[in-house]
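Dear colleague,

I am handing over the structure we spoke about, with the sequence beside it. Please look through it first, and then read the notes below, which go from single strands to the chain as a whole.

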Amino acid sequence: VEAVHLIADGKAPRIPQPKEGATYEGIQKKENAEISWNQPAAALHNWIRGHDKVPGAWAKIGDQVVTFYGSSLVDASVPAGEELAIKGASRPGLVTKNGLVIFGNDGKMVLVRNLQFEDGRMIPASKYFSADETAALELTEEEKKMAEDIR
């Protein structure tokens, strides 16, 4: 009760918190989340996982910044897939049916499930090479009628 009264009266002591021993980390910025490829797979996985969702770990693929989401370590043989050159990586990634496989400098693998482009589009990493394909949406007669009713 005494503390509440001191605060209400504006007489409570003000002791500044010391900076030494503080563990608060500031808000991460996107420019600080670029993936450094010269590290083992476990470190790559932890970097991607640690920046998932905000701000998102990223790398350049071609001229575009691509953000990596949903990583997991892979302990298996190298899967079949289509090679994808990633700027700074010692070896190309592989776009497989399960996602994008990237390699650490120890030769071990990390599987990335989702990729996000600069324009905000997010795709499953396994669809990287088919991302530009667009499928025409065909409606049934019932769906066409429903679309007209909604309009």
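**Strand pairs and hairpins**

In strand 5, the residue that forms a bridge with T96 is G99. Please keep in mind throughout that this is a predicted model, and that the remarks below describe that model.

The pairing of T96 and G99 belongs to a hairpin in which strand 4 and strand 5 are separated by 2 residues, and these two strands pair in the antiparallel sense over 3 bridges. Strand 4 also has a partner in strand 3, to which it is joined by 3 bridges, again with the strands running antiparallel; within that pair, L84 stands opposite G93. Both faces of strand 4 are covered, since G93 and V95 on one side and L94 and T96 on the other are all buried.

Earlier in the chain, strand 1 (residues 57-61) and strand 2 (residues 64-74) pair in the antiparallel sense over 5 bridges, and K60 is found opposite V65 of strand 2. Strand 1 is mostly covered, with 4 of its 5 residues buried. The hairpin that strand 1 makes with strand 2 has 2 residues between the strands, and in it G62 adopts a positive phi near 70°.

**The nonpolar cores**

The largest nonpolar core holds 23 residues, and the members that touch the most others are W37, F68, I86, L100, I102 and L115. At least two residues of this core come from each of helix 2 (41-50), strand 1, strand 2, strand 5 (99-103) and strand 6 (109-116). Apart from it lies another core, this one of 5 residues, including L94, V101, F103 and L111.

If you would like one residue from which to explore the larger set, L115 is a convenient choice. Leaving aside residues up to four places away in sequence, L115 touches V66, T67, F68 and L100, and also R121, M122, I123, A125 and Y128.

**Three residues to look at**

S90 lies in the loop between strand 3 (82-84) and strand 4 (93-96). Is S90 buried or exposed? Its relative accessible area is 63%, and because exposed means over 50%, S90 counts as exposed. Although S90 and N38 are 52 residues apart in sequence, their C-alpha atoms are 7.7 Å apart in space.

A43, which is found in helix 2, has a relative accessible area of 24%; since the range for partly exposed runs between 20% and 50%, A43 is placed in that class. The C-alpha atoms of A43 and V110 are separated by 9.8 Å, while the two residues are 67 apart along the chain.

I150 lies in helix 3 (residues 141-150), and at 67% relative accessibility this isoleucine counts as exposed, because its value is over 50%. For I150 and S77, which are 73 residues apart along the chain, the separation of the C-alpha atoms is 51 Å.

**The chain as a whole**

The secondary structure of the protein comes to 3 helices and 7 strands, and from the N terminus on, the elements run α-α-β-β-β-β-β-β-β-α. The radius of gyration is 24 Å, well over the 15 Å that the globule rule gives for 151 residues, so the protein is more spread out than a compact globule. Along its principal axes, the C-alpha trace spans about 70 × 60 × 30 Å.

Of the 151 residues in the protein, 28% are buried. The accessible surface comes to about 10900 Å², and carbon and sulfur atoms account for 52% of that area. Where contacts join residues at least 6 apart in sequence, 49% of them are between residues at least 24 apart.

**What the record says**

The UniProt entry, which is unreviewed, places the feature "domain: Formyl transferase C-terminal" at residues 29-130. Over residues 29-130 of the model, the chain is 10% helix and 38% strand, and the C-alpha atoms at the two ends are 30 Å apart.

With best regards

Methods. Residues are numbered from 1 along each chain as its sequence is written. This is a predicted model: local features need pLDDT of at least 70, side-chain atom pairs count only at pLDDT 80 or more; totals for chains, interfaces and linings use all residues. Side-chain values use heavy atoms; hydrogens and water are left out. UniProt positions are given in the numbering used here, feature names are shortened, and annotations may be inferred rather than shown by experiment. Buried means under 20% relative accessible area, exposed over 50%, partly exposed in between (1.4 Å probe, protein chains only). Two strands pair if DSSP finds at least two bridges between them. A nonpolar core is a set of buried Ala, Val, Leu, Ile, Met, Phe, Trp, Tyr and Cys residues joined through side-chain atoms within 4.5 Å. Contact means heavy atoms within 4.5 Å. The radius of gyration is taken over C-alpha atoms; the globule rule is 2.2 Å times the number of residues to the power 0.38. Accessible areas come from the Shrake-Rupley method with a 1.4 Å probe; for residues, only the protein chains shown count as cover.
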